[in-house]
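Biologist: I am new to this structure and would be grateful for a close look at a single part of it. Please describe how the helices pack against each other, and then place that part in its surroundings.

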Amino acid sequence: MKLRYTLAALAELDEVLGNIALQSPRGAKRIQARLHAVINLLLEHPLSGGATDESRCAGSS
């Protein structure tokens, strides 16, 4: 399985984690670690996730 992020998604994730880090740097690191863990799980076991609408992913890179 291949994972692709849009530039907008990466920018939004960076912004969200940055905002969380302003209040709780440790909390932001925990959230980031959890996101990575879930993403890695989905990459290893792609059928464990829910289906998406393919048209929403058409412009992703």
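Modeller: The following account begins with the chain, turns to the helix contact, and ends with the surroundings. The model is a predicted one. Its secondary structure amounts to two helices and zero strands.

The part in question is the pairing of helix H1, residues 7–23, with helix H2, residues 25–44. Two packed helices are described by the angle between their axes and the distance between the axes. Here the angle is about 145 degrees, and the axes lie 6 Å apart. On the side of H1, the contact is formed by Leu 13, Leu 17, Ile 20, Ala 21 and Gln 23. Their partners in H2 are Pro 25, Gly 27, Ala 28, Ile 31, Gln 32 and Leu 35. By character, eight of the residues in this contact are nonpolar, three are polar and none is charged.

As for the surroundings, a nonpolar patch of about 600 Å² lies on the surface. Its members are Met 1, Leu 3, Tyr 5, Leu 7, Leu 10 and Leu 43. Of these, Tyr 5 is located in the segment that precedes H1. Tyr 5 counts as partly exposed because its relative accessible area is 31%, a value between the limits of 20% and 50%.

Another residue to consider is Glu 44, which belongs to H2. Glu 44 has a relative accessible area of 59% and is therefore exposed, the cut-off being over 50%. Its C-alpha atom is 7.9 Å from that of Met 1, although 43 residues separate the two along the chain. In the segment after H2 stands Pro 46, which is partly exposed at 38% relative accessibility. Between the C-alpha atoms of Pro 46 and Lys 2 the distance is 9.8 Å, with their positions 44 residues apart in sequence.

Finally, some totals apply to the chain as a whole. Of its 61 residues, 7% are buried. The accessible surface comes to about 5,300 Å², and carbon and sulfur atoms account for 58% of that area.

Methods:
Residues are numbered from 1 along each chain as its sequence is written. This is a predicted model: local features need pLDDT of at least 70, side-chain atom pairs count only at pLDDT 80 or more; totals for chains, interfaces and linings use all residues. Side-chain values use heavy atoms; hydrogens and water are left out. Patches are made of residues with over 30% relative accessible area and no salt bridge: like charges are joined within 9 Å, nonpolar side chains (Val, Leu, Ile, Met, Phe, Trp, Tyr) within 5 Å. Accessible areas come from the Shrake-Rupley method with a 1.4 Å probe; for residues, only the protein chains shown count as cover. A salt bridge is a side-chain nitrogen of Lys or Arg within 4 Å of a carboxyl oxygen of Asp or Glu. Helices (H or I, at least four residues) and strands (E, at least two) are DSSP runs, numbered from the N terminus. Buried means under 20% relative accessible area, exposed over 50%, partly exposed in between (1.4 Å probe, protein chains only). Axes are lines fitted to C-alpha atoms, for helices over the stretch in contact, and angles run from 0 to 180 degrees between N-to-C directions. Contact means heavy atoms within 4.5 Å. Ala, Val, Leu, Ile, Met, Phe, Trp, Tyr, Cys and Pro count as nonpolar, Asp, Glu, Lys and Arg as charged, and the others, Gly among them, as polar.
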